[in-house]
Structure formats: C-alpha cells, structure tokens
Amino acid sequence: MKKLIVALVALCAMTVAYGQAAKPGPNDVVKQAVETTVKAAKADPAARDGDLKATIKVVETNFVPYTDFKRTTRIAVGSAWNSATPDQQKQLFEQFQQLLVNTYALQLTQVRGQAVKFKIDPPQVGSNGKDAVVQSDVSGIDDDLQVGYRLGLTDDGWKIYDIDMGGAWLIRVYQQQFAGQLSQGGVDGLIKFLQEHNARVAQ
C-alpha cells in the first residue's frame, strides 16, 4: 500500500513538473506572438497593402491574446485607477487597449510585404521569476528595428504588458501623458482623450 501511495505521489509530481515545463517561456511567447501576427498580416491582402484598419484587425485577433493590457492600463493610469468606478475602469481598459493595438498595427505596416527576419534574444528574468524582458531585432527593412517586450507571469502563462518601440517603453510614455489629462479632467477627461484619439485613427 505504501509503495502504491509513493508511486501515485511521484506520478503527480511528474505530471505537475511536465505541465510547468510545457508552458512556453517568455521568449517563446514573444516569438509566437510576433510570428503569428506578421504571418497573418502577410496573408491578408488589405493588411499586406498597408491598410491600417485591416492591420488593426490582424493585431486584435493574433497579437492581443498574448498580452495583459489590463495590467498595462492599471500601471499607466496609476493611483487614479483605484479611485475609478468599475465602469470607468472598463472604459479606460478598452480605450487604452485599442490605442495600444493601433500603435502596434502602425508599426507593423512598416514591415508589410518585406522579407523581414526576427531575432528573439533569451529572456532576462527578474529575481522573483514573475517578470521578464525579451529583446528582439527586426532586420530586412531600411533600418534594423529593436523592439523590447516586458512580460509578467500569470495563471495563463507569460503575457506581454509593455513594449519598447524606438527606445521608449510605452507605459512610461503614456504615464506622463495620462498624468496631464488626469490633472485637467480627471478619469472622465482621460477617457474622453482616449476616445478622441482612437476616433481619429478610425476615420
């Protein structure tokens, strides 16, 4: 009986270990997110021709599932997030996620139809094992492009929550912009700012 119990415990331990090992690492997640999105953009005739709206749809379908933009929103909004109502938080998240999608889609249109190559570096994992930074290089365009991704470990695996484009992490950039909007018009003012920004892209 003791042998049976020991065997079962060992089997459970092996199963747990296998499940953990089977989860993609942060660099694998970035590679999957980027390659899946670029492949989909090249397969879509409108996106391949540089249509921003079509590219936005590609990013929403193929890139967003690899992200945790709700965490991005909480950090960028700062302390005002905690004082916002649930409806305001929902609107902030939806509008900011749309802004981030639009930004990434615009970047993606720059590499459309080109034989680009992606080099994904090994992840730099934080001491707590729950945060990581992955650097990537995009070659095959006029200028090599360096894009950094910051990921957090969630119950669903590693998720991207910040992106470094052109030497600036998006959260830091938007923290400064949002602080100004919040000081002038509060949470509702920030929501209006995001809505107006996204409406201009949709035109």
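Helices in this account are DSSP runs of H or I with at least four residues, numbered from the N terminus. With that in hand, the predicted model can be walked through, beginning with its charged side chains and ending with its strands.

A total of 5 salt bridges is counted in the model. One of them links Lys31 and Glu35, whose closest N and O atoms lie 3.1 Å apart. Both residues belong to helix H2, which covers residues 26–43, and their spacing of 4 residues corresponds to about one helical turn. Lys31 has a relative accessible area of 39% and is partly exposed. Glu35 is likewise partly exposed, at 39% relative accessibility.

A further salt bridge is found in helix H7, residues 86–109, where Glu94 and Lys90 are 4 residues apart, again about one turn of the helix. Here the closest N and O atoms are separated by 2.7 Å. Glu94 is partly exposed, with a relative accessible area of 38%, and Lys90 is partly exposed as well, at 47%.

The side chains of Lys119 and Asp121 also meet in a salt bridge, with an N to O distance of 2.6 Å. The two partners fall into separate accessibility classes. Lys119 is partly exposed at 49% relative accessibility, a value that stays below the exposed class because that class requires over 50%. Asp121, by contrast, has a relative accessible area of 19%, so Asp121 counts as buried under the 20% limit.

Attention now turns to the strands, where S3 (residues 131–139) is a convenient place to start. Strand S1, residues 117–120, runs antiparallel to S3, and 4 bridges join the two. Within this pairing, Lys117 has Ser139 of S3 as its bridge partner. Lys119, already met in the salt bridge with Asp121, falls within the residue range of S1.

Strand S2, residues 124–125, is also antiparallel to S3, with 2 bridges between them. Val125 finds its bridge partner in Ala132 of S3. S2 and S3 together make a hairpin, with 5 residues separating the strands. In the turn sits Gly129, whose phi is positive, at about 75 degrees.

S3 additionally pairs with strand S4, residues 145–154, through 8 bridges in the antiparallel sense. In this pairing, Ala132 stands opposite Leu151 of S4. Ala132 of S3 thus appears in two of the pairings described here, as the partner of Val125 and opposite Leu151.

Notes:
Residues numbered from 1 in each chain as written. Predicted model: local features only at pLDDT ≥ 70, side-chain atom pairs only at ≥ 80, totals over all residues. Heavy atoms only, no water. Salt bridge = Lys/Arg side-chain N within 4 Å of Asp/Glu carboxyl O. Buried < 20%, exposed > 50% of the residue type's maximum accessible area, 1.4 Å probe, protein only. Pairing = 2+ DSSP bridges.
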